[in-house]
Amino acid sequence: MGKKGKREKKGKGAEKTAAKMEKKVSRRAKKEEEDLEALIAEFQSLDAKKTQVIESSCPPPSPRLNGSLSAHPEKDELILFGGEYFNGQKTYLYNELYVYNIRKNSWSKVEIPNPPPRRCAHQAAVVPTAGGQLWVFGGEFASPNGEQFYHYKDLWVLHLATKTWEQIKASGGPSGRSGHRMVACKRQLIVFGGFHESARDYIYYNDVYAFNLDSFTWSKLVPSGIGPAPRSGCQMATTPEGSIIIYGGYSKQRIKKDVDKGTLHTDMFLLKTEGAGKEEDKWAWSRLNPSGVKPTPRSGFSVAIGPNNRSLLFGGVHDEEEEESIEGDFFNDIYFYDMGKNRWFPGQLKGPKSEKRKRRRGRQAEAEGDEDEDTENQHPQGPVEIVKEVVAEDGTVMTIKQVISGPAEEKERSESEEEEDGALSQQVEPCPRSNAMLAVKHGILYVYGGMFEVGDRQFTLSDLYSVDLHKMEEWKVLVEMDPKAQEWLEESESDEEEDDTEGAEGGEEEEESSEEESEDEGGEEQHPSVQPDEKHEDYLSRTEQYWIKLARSNMGPDAKEKKSSAVVHRDNRWDTSVSVAADK
């Protein structure tokens, strides 16, 4: 009885503190948001000039992150909405709608009158009602310099059958936020968590709201039990029984003036209703203690619901703070959570079956009595090293090295066998990234875009990959990364203030000046040349100190040896080197 009373008092105290902080953030953010409302209104007036639906085929969308990718409930299509892009100087926000045709592997742009304002870090959920509906809630708009934020609390629905946007105006919903999570659960949309940020303050949420898809009304849920701490960017999934699972996420708190401490959450909770999913039903939080191999701590991971009653997460980043700098380790792995068994396990690719059969037949002809066919069939091929150089539009060279590792027993094979297998199995996979967009259709996972960082530079992606979650054999490249889309402008490169409308709208970006600068820089220094018949790893070993010195000079005199080396030579799985091209 005593413990329960203390717990209740502690909970009420936390609620009061959160309420005070929300008022404080709200007051300070009000002026910022008023400034941005005028800019948003200007963009909406431009969108209002669209009077008819125009659908046209187009190239793949430009690089972006923090958008939404959703599977059409009736057609073999994926729907991409919103997102953001940062080129080092400007933040670009989008409200474009793209449709990816899975069968044709083609993109089309759909211009619909009166769309939601430009945004990122929103949430989208699809329901099969009336030919399909795409519901969008919240998100944020940023000023072109990325220093002011407007957090939306609006709710929109895209009627897929008629291609019309409709804003649903209902009171009593969540406050403005981004980084929240939303899922469709029976005939409700459930919203959890998120954050609200101004130039000086921020607040994270752990509240839960439900929107009834029949009555079009909001209600705030007050679950019993101890629930998750406030957070954003968590995993939220619906079970077949109508319960909701929360895993992980990120939050930060101010420990002293101008010093914040981030927290990567790794706990897991179940939100369960005691009734049939009606508004008046009581909900309760309980903590989950899953078995298996949990994902390593990370933020910025992407989530989806896979087949066989499993949710999944992909990618993300783990930031390591070193004094005043942050070095991020990015991921490209998949983890599955079996909702029926309450168990985590990593997703491992098995490799194409046809190639494995060829290799097994060859070995059986050479060695009699080999009874390890089943064992080999369970392991991926390898190890195979794939090295690719990508030259960005501004002259930056990205060297991407991927190593597909194999089981220990395969190390005993001869060099000729390994070379043969390597030629057969040039497996590829998405590069490590965070904030990508995921969708699952017919048991196939699609991964689009996202970002990763090298030193102080951010690479925003526009590639598209897929993997069959039933077979888990190999990744397929549907759209490759476009090197010409990789632009990065240093703050010192331009002193001119460009028009705010152009920046936030995502208009044409100036490329000629950056090209000329990269040409000038390229002529300043001659990099070590590759000797005749020299292998990549030998060249890297011979010139490693040169590249470390170059990386340190680009990153500043205070760069540590560890960080400089990381830029030149990350790890066995992902090697990224950044340098200015000598000849362009």
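A residue is called buried when its relative accessible area is under 20%, exposed when that area is over 50%, and partly exposed when it falls in between. Keep these words in mind as you move through this structure, which is a predicted model.

**First stop: strand β1 and its partner**

Select residues 54-58, which make up strand β1, and then add residues 106-111, strand β5; the two strands pair in the antiparallel sense over 5 bridges. If you look along this pairing for Ile54, you will find that its bridge partner in β5 is Glu111. Now pick Glu55, whose relative accessible area of 45% lies between the two cut-offs, so this residue counts as partly exposed. From Glu55, follow the side chain to Lys163, because the two meet in a salt bridge with 3.9 Å from N to O. Glu55 belongs to strand β1, whereas Lys163 sits in the loop between β10 (155-159) and β11 (164-168), and the two residues are 108 residues apart along the chain. Lys163 is also partly exposed, with a relative accessibility of 25%.

**Second stop: the hairpin of β4 and β5**

Keep β5 selected and add strand β4, residues 91-101, which pairs with β5 in the antiparallel sense over 4 bridges. Within this pairing, Asn101 stands opposite Ser106 in β5. The two strands form a hairpin with 4 residues between them, and in the turn you can select Asn105, which has a positive phi of about 50 degrees.

**Third stop: two salt bridges with a buried arginine**

What does the side chain of Glu96 meet in a salt bridge? Its partner is the side chain of Arg64, at 3.0 Å from N to O. Glu96 lies in strand β4 and Arg64 in the loop between β1 and β2 (68-71), so that this pair links parts of the chain that are 32 residues apart. Arg64 has a relative accessible area of 0% and is therefore buried.

Next, select Asp267 and Arg231, which form a salt bridge whose closest N and O atoms are 2.7 Å apart. Because Asp267 lies in strand β18 (residues 259-273) and Arg231 in the loop between β15 (217-221) and β16 (235-238), the pair ties together parts that are 36 residues apart in sequence. Asp267 is buried, with a relative accessible area of 15%, and Arg231 counts as buried at 0%.

A search of the whole structure finds 15 salt bridges. For a further example, select Asp47, Lys50 and Arg118, which are linked in a network of salt bridges.

**Fourth stop: the hairpin of β6 and β7**

Select residues 123-127, strand β6, which is mostly covered, as 4 of its 5 residues are buried. Strand β7, residues 133-137, pairs with β6 in the antiparallel sense over 5 bridges, and Ala124 stands opposite Val136 in β7. The hairpin formed by β6 and β7 has 5 residues between the strands, and Ala130 in its turn has a positive phi of about 50 degrees.

**Last stop: Ser291 and a positive patch**

Ser291 lies in strand β20, residues 291-292, and counts as partly exposed at 39% relative accessibility. Although Ser291 and Arg343 are 52 residues apart along the chain, their C-alpha atoms are separated by 4.7 Å.

Finally, select Lys350, Lys353, Lys471 and Lys476, which form a positive surface patch. Lys350 lies in the loop between β24 (343-346) and α2 (353-366), and this lysine is partly exposed, with a relative accessible area of 38%.

Notes
Residues are numbered from 1 along each chain as its sequence is written. This is a predicted model: local features need pLDDT of at least 70, side-chain atom pairs count only at pLDDT 80 or more; totals for chains, interfaces and linings use all residues. Side-chain values use heavy atoms; hydrogens and water are left out. Patches are made of residues with over 30% relative accessible area and no salt bridge: like charges are joined within 9 Å, nonpolar side chains (Val, Leu, Ile, Met, Phe, Trp, Tyr) within 5 Å. Accessible areas come from the Shrake-Rupley method with a 1.4 Å probe; for residues, only the protein chains shown count as cover. A salt bridge is a side-chain nitrogen of Lys or Arg within 4 Å of a carboxyl oxygen of Asp or Glu. Lys and Arg count as positive and Asp and Glu as negative; His and the chain ends are not counted. The place of a charge is taken as NZ of Lys, CZ of Arg, CG of Asp or CD of Glu. Buried means under 20% relative accessible area, exposed over 50%, partly exposed in between (1.4 Å probe, protein chains only). Two strands pair if DSSP finds at least two bridges between them.
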